Amino acid sequence: CGFLSLGRLCLHRGFLSLGFLCRTNMPDYHHLLPPCWKETVVRWLKEDIPSFDYGGFVVGERQVEAKLLGKTVGVLCGKPFLNAIFESLECTVEWHADEGVNFEKGTHLATVTGAARNVLMGERTALEVMVRSTSIATHARKFLLLAQEHKWQGRIAGTRKTAPGLRLLDKYSMIVGGVDTHRMDLSSMIMLKDNHIAIAGSITRAVKEAKSV
C-alpha cells in the first residue's frame with residue numbers, strides 16, 4: 001500500500017531510466033526549510049540503524065541503481081527529505097519530476113545510485129517519509145481543487161495535530177499541496193479553546209489574561 005515504491009535494484013551496467021513528466025516552473029519549496037532541518041533526517045536514520053546492519057554486510061559495496069515509482073496517482077512531495085537521507089549515505093538521486101506536480105501510477109519519479117548497502121540502508125526511511133509527505137500533499141490538493149470547483153471563498157488550513165517529530169514534514173507537505181499551514185506551534189498566534197475557557201472561568205477572563213503578556 002502507499003503512494004510510492006523503490007523498484008528492484010539493478011547492477012550499475014548501462015541502466016536506462018525514463019522520466020514521464022514534463023518539467024514545469026515549480027517553486028523551490030526547499031528554500032522554506034530552516035537551517036537545522038537536516039538534523040531531523042539524522043534522527044530518523046539513527047532510529048532505524050542504531051547499531052549493526054547485517055543485511056548491509058550481505059550485499060556490500062556493489063554499485064546499484066533503484067527506481068522510485070508511483071504506485072497510484074498523487075502529488076509528488078518530500079524531495080528535499082529523500083535527497084538528504086540518501087546524501088547522508090553517500091548516494092546520489094536523480095529526479096525525473098518536480099516537487100508538487102501530479103503523477104500517474106507507474107511513473108518513474110527518481111533514480112537512486114550508490115553502494116547496495118547504503119541504498120538499502122536508506123530505502124525504508126526514505127519511502128516512509130515520501131509516502132507520508134506525498135499523501136498529505138495529495139489530499140491537500142484534492143480539498144483545494146474541490147473548494148475551487150465549488151467557488152468556496154474560505155481558506156483551507158491544517159492544524160497543530162501533527163505527529164511528534166514530524167511537524168516540519170507535515171507542514172511542508174501542506175504548503176506543497178497548496179493549503180494554509182495555520183499554526184506551526186503553540187507559540188504561533190493565540191487560540192483559546194474550551195479547556196482554556198473552562199479553567200480561566202470565562203472567555204472574557206481568558207482573553208484578558210492572554211492580552212496581558
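These questions and answers walk through a predicted model.

User: Which residues of helix α1 are buried, and do they line one face or several?
Analyst: Helix α1 covers residues 38-48, and its buried residues are Thr 40, Val 41, Trp 44 and Leu 45. Seen down the axis of α1, these residues fall within an arc of 135°, so they line one face of the helix. The answer is Thr 40, Val 41, Trp 44 and Leu 45, on one face.

User: Which residues are exposed on the other side of α1?
Analyst: The buried face holds Thr 40, Val 41, Trp 44 and Leu 45. Away from that face, on the other side of α1, the exposed residues are Lys 46 and Glu 47.

User: What covers the buried residues of α1?
Analyst: The cover includes three helices. They are α3 (79-87), α4 (116-149) and α5.

User: At what angle do the axes of α1 and α3 cross, and is the pair parallel, perpendicular or oblique?
Analyst: Two packed helices are described by the angle between their axes and the distance between the axes. The axes of α1 and α3 come within 10 Å and cross at roughly 60°. That angle makes α1 oblique to α3.

User: Which residues make the contact between α1 and α3?
Analyst: α1 passes α3 in a right-handed crossing. From α1, the contact uses Lys 38, Val 41, Trp 44 and Leu 45. From α3, it uses Phe 81, Ala 84, Ile 85 and Glu 87.

User: Where does Ile 175 lie, and is it buried, partly exposed or exposed?
Analyst: Ile 175 lies in helix α5, residues 167-177. Buried would need under 20% relative accessible area, and exposed over 50%. Ile 175 has 31%, so it is partly exposed.

User: Which residues does Ile 175 touch, not counting those up to four places away in sequence?
Analyst: Distance in sequence is no bar to closeness in this count, which leaves out residues up to four places away. The residues touched by Ile 175 are Tyr 29, Leu 32 and Thr 181.

User: How many residues of strand β7 are buried?
Analyst: Strand β7 spans residues 108-115 and is mostly covered. Its buried count is eight of eight.

User: Which residues stand opposite Val 112 and Ala 110 in β7?
Analyst: Strand β3 (residues 63-70) pairs with β7 in the antiparallel sense over seven bridges. Strand β5 (residues 92-95) also pairs with β7 in the antiparallel sense, over four bridges. In β3's range, Ala 66 stands opposite Val 112. Opposite Ala 110 stands Trp 95.

Methods. Residues numbered from 1 in each chain as written. Predicted model: local features only at pLDDT ≥ 70, side-chain atom pairs only at ≥ 80, totals over all residues. Heavy atoms only, no water. Helix = DSSP H or I, 4+ residues; strand = E, 2+ residues; numbered from the N terminus. Buried < 20%, exposed > 50% of the residue type's maximum accessible area, 1.4 Å probe, protein only. Contact = heavy atoms within 4.5 Å. Pairing = 2+ DSSP bridges. Arc of directions from axis to C-beta. Axes fitted to C-alpha atoms, helices over the stretch in contact; angles between N-to-C directions. Parallel < 35°, antiparallel > 145°, perpendicular 65-115°, else oblique. Left-handed = near helix turned anticlockwise from the far one by under 90°.
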